[in-house]
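Here is a quick walk through one model, with an eye on its charged pairs, its cores, its cysteines and one hairpin. Have the structure open as you read.

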Amino acid sequence: MTSLPSVVVGNTLKLESEFRKHTSTSLPFEKRNFIATHLDKSLEPVCLDFREALSVIKDGPNFESSVYVPLLQECIDKSSLSGTQLIHGHIIKTNAHEDLFLMTFVVNVYGKCGAMEDARKLFDKLPKRNVVTWTSLMSGYVHNSQPELAIRIFQEMLEVGAYPTNYTLGVALNACSTLYALKFGQQVHGYIVKYDIEYDTSIGNALCSLYSKCGHLDFAVKALWRIREKNVISWTTAISACGDNGDSARGLSLFVEMLSDGIEPNEYTLTSVLSLCCIMQAMSVGLQVHSLSIKLGYESNLRVTNSIMYLYLKCGWISDAKKLFDGMEKISLITWNAMIAGHAQMMVIAEDSLSAHRSGVEALKIFLRLNRSNMKPDIFTFSSILTVCSSLVALEQGEQVHAQTIKTGFLSDVVVGTALVNMYSKCGSIKRASKAFVEMSTRTMISWTSMITAFSQHGRSQQALQLFEDMRSVGVRPNQITFVGVLSACSHAGLVDEALKYFEMMKKEYKIKPVMDHFACLIDMFVRLGKLDEAFEFVKKMDFEPNEVIWSLLIAGCRSHGNLELGFYAAEQLLSLSPKDSETYVMLLNMYLSAGRWKDVSRVRKMMRDEKLGKLKDWSWISIRDRVHSFKPDDRSCPPCGEVDILLGDLLEKARPLGYESQGSLEVTDEKDEETTFSSIHHSEKLAVAFGLLNTPNASPIRVMKSISMCRDCHNFFKFISVLTAREIIIRDSKRLHKFVNGHCSCGDFGSLL
């Protein structure tokens with residue numbers, strides 16, 4: 001384990017005199033006259049080639065090595081390694097290499113140009129070094145993403161008795177932050193405390209960043225308060241730390257204190273604060289920050305505008321976000337990505353499926369505009385738009401995006417590959433999902449988990465479990481979500497022994513604490529098998545109170561297997577949670593209505609009124625040739641409704657000889673709690689499927705989205721229709737994916753009961 005050398009721990013060291021007084025955040029080079037006053041104006045690097053400039057420099061009694069500094073600075077500005085090497089060779093030729101300051105500067109330039117091997121070789125050849133030389137090499141390693149080597153150099157520096165400056169310690173702390181090396185960072189902090197320099201601004205900022213990245217927010221904020229002269233970087237670091245560590249309210253509070261302290265925020269402060277507003281959906285604060293940004297002159301700043309736009313999207317202010325977007329003179333790819341990702345996020349937080357669908361369609365339109373702008377999408381664009389296609393079950397659009405990833409060379413990226421697996425799976429094409437997974441050049445834990453979950457959701461339990469074993473055999477460690485997919489696969493196949501084995505493996509071998517989703521999978525398994533007593537016993541073993549999903553599973557199982565006594569008990573437990581979902585109450589109403597328990601029906605209706613829950617909004621929609629067609633129950637507004645009615649009637653007549661029996665649904669239709677039985681022949685998903693059968697080629701699958709759960713009758717009906725039409729019928733309802741093929745559904749016929 002990395003630690004400070006014993007010379008530091010065991011002895012009292014003296015700091016260089018400039019250590020305590022130096023507060024600059026730049027390298028403390030020796031004060032010299034860097035301007036080569038004796039060089040003619042025509043020698044400025046911007047006017048001459050490096051070779052031309054060097055040809056004028058002659059060694060002599062009046063020669064000053066500082067003439068190289070402007071040329072070396074030009075190398076930094078242009079990231080010119082060849083220029084640096086050329087100048088370095090000329091320095092040796094003129095014997096200027098004996099100037100420690102100049103050679104230290106060359107080390108620094110090599111680092112800035114990404115040539116750390118050259119920097120280290122030069123460093124090792126120097127006959128003497130000072131603290132600036134050591135710090136330059138350390139800074140170079142941090143700049144080039146080699147923080148472990150920066151720490152090693154820091155240790156070597158201390159071992160030879162060199163004394164660090166505050167900037168040196170700041171670089172060491174930054175290296176620790178990058179490596180999340182908390183223990184070594186704490187040792188450096190101890191060194192800082194020993195010499196009473198926590199008050200220094202650059203050191204305090206570095207400490208705040210270290211503790212933030214290592215998940216110690218309280219220590220990060222304490223580091224802020226110890227700084228005597230807090231600058232905008234100090235406050236911004238602490239505010240960002242709050243966001244990174246899940247305490248957004250504290251971050252906003254620090255922002256208020258920063259303003260009270262008279263510190264003017266910069267663009268990074270504003271974007272950090274707007275990010276906190278996004279997390280908290282604090283629109284009122286966000287509006288004030290927006291006004292402040294305009295007052296401070298950041299109205300046209302791309303970073304700030306993107307953050308404001310994303311906040312508006314996150315809080316549902318679509319028109320305001322669009323107004324900002326359309327009013328921008330220059331739109332960067334980051335802006336396009338923010339708009340697409342914002343609409344994708346809107347789909348997640350939408351109040352209903354129809355609103356989510358609208359947001360998704362708008363995201364696709366924005367992506368189309370991006371392509372027409374001649375700007376090339378990146379991996380973030382493709383990842384977001386593929387997520388949108390997944391949620392919309394928009395396979396055609398997803399295939400087009402897939403083709404574009406191949407054309408642009410992003411297909412090999414693991415993020416894009418994983419997004420493709422999810423997209424094909426959620427659009428009902430498990431074969432293409434599997435093909436996308438197999439073709440991935442590299443796979444992460446998320447990639448493996450996505451494919452395991454895909455097999456599970458499509459009812460391919462054995463393939464899911466085999467893939468899990470393959471994942472373990474190649475040394476990839478599963479997480480909580482991986483085991484949800486594994487246990488779900490066991491549940492679908494009724495593999496009780498295997499499920500319990502994997503459950504124990506998760507706890508004992510991988511030290512993963514079970515969460516509600518793991519218990520839900522096991523309870524789902526027992527319920528599917530009719531082992532209701534075992535299911536209720538398992539509930540008692542849980543370390544936490546069951547949620548609405550658990551009780552809903554138990555109620556569905558009790559109804560399916562005819563155990564109404566346990567079903568009514570589970571219903572009481574569910575009602576005690578005061579659920580907010582209309583579908584949950586409808587399920588309970590159907591159970592009480594079928595049993596003739598009118599008092600319970602009245603009670604549930606009253607609870608719905610108290611919770612201000614309206615009727616279920618039953619909508620279904622299907623996308624055909626880039627056009628979306630939506631339907632509601634008994635919809636007479638669609639142009640070919642006559643053809644749809646005729647087809648449904650014909651399919652109904654053909655399904656009956658095969659064993660289909662239409663099941664009427666019970667529902668309370670007025671305030672007097674009267675029972676009404678009605679036909680489900682014109683439920684929205686049936687209309688959408690019939691429309692799809694009429695308007696798509698004979699062999700193509702039908703893909704429908706539905707805003708609420710499918711009823712039992714529709715679920716049963718589509719099993720027969722998949723046989724009669726020889727079509728795959730894929731329906732994504734509010735609970736899960738249903739893929740009907742040759743009379744079977746991927747949910748194992750249990751999803752329709754919820």
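## Charged pairs first

Arg 120 is partly exposed, as its relative accessibility is 24%. Keep in mind that the model is a predicted one. The side chain of Arg 120 meets that of Glu 156 in a salt bridge, with 3.6 Å from N to O. Glu 156 is partly exposed too, at a relative accessible area of 25%. This pair ties together distant parts of the chain: Arg 120 sits in helix H7 (residues 116–125) and Glu 156 in helix H9 (residues 147–159), 36 residues apart.

How many salt bridges turn up in a search of the whole structure? The count is 28. As a general point, side chains of opposite charge can pair when their charged atoms come close.

Here are three of the pairs side by side:

| Pair | Closest N to O |
|---|---|
| Arg 120 and Glu 156 | 3.6 Å |
| Glu 537 and Lys 540 | 3.4 Å |
| Arg 603 and Asp 600 | 2.9 Å |

Glu 537 and Lys 540 belong to helix H31 (residues 532–541), and because they are three residues apart there, about one helical turn separates them. Glu 537 is partly exposed with a relative accessible area of 42%, whereas Lys 540 is exposed at 62%.

Arg 603 and Asp 600 have a like arrangement in helix H35 (residues 598–610): they are three residues apart, so about one helical turn lies between them. Is Asp 600 buried or exposed? At 11% relative accessibility, Asp 600 counts as buried, while Arg 603 is partly exposed at 30%. The two are also part of a network of salt bridges that takes in Glu 572 and Arg 597.

## Cores

Nonpolar side chains tend to be buried together in soluble globular proteins. In this model the largest nonpolar core has 196 residues, and Met 451, Ile 523, Leu 554 and Tyr 592 have the most contacts inside it. Which helix gives the most to this core? That is helix H30 (residues 516–528), with nine residues.

Leu 554 is a handy place to start looking around. Setting aside neighbours within four places in sequence, Leu 554 is in contact with Ile 523, Val 527, Ala 535, Phe 536, Val 539 and Ala 570. Apart from the largest core lies another one, of 30 residues, which includes Ile 624, Ala 688, Ile 729 and Cys 745.

## Cysteines

How many disulfides are there? The count comes to zero. Take Cys 208: the nearest cysteine sulfur belongs to Cys 242 and is 8.1 Å away. That leaves Cys 208 out of any disulfide, because a pair would need its sulfur atoms within 2.5 Å. Cys 208 is buried, at 1% relative accessibility.

Cys 427 is in no disulfide either, with the sulfur of Cys 389 as the nearest one, 7.0 Å away. Cys 427 is buried as well, and its relative accessible area is 0%.

## A hairpin to finish

Strands E1 (residues 620–624) and E2 (residues 627–631) run antiparallel and are joined by five bridges. Which residue of E2 is the bridge partner of Ser 620? The partner is Phe 631. Two residues lie between the strands of this hairpin, and in it Arg 625 takes a positive phi near 50 degrees.

Methods. Residues numbered from 1 in each chain as written. Predicted model: local features only at pLDDT ≥ 70, side-chain atom pairs only at ≥ 80, totals over all residues. Heavy atoms only, no water. Core = buried A, V, L, I, M, F, W, Y, C linked by side-chain atoms within 4.5 Å. Buried < 20%, exposed > 50% of the residue type's maximum accessible area, 1.4 Å probe, protein only. Helix = DSSP H or I, 4+ residues; strand = E, 2+ residues; numbered from the N terminus. Contact = heavy atoms within 4.5 Å. Salt bridge = Lys/Arg side-chain N within 4 Å of Asp/Glu carboxyl O. Pairing = 2+ DSSP bridges.
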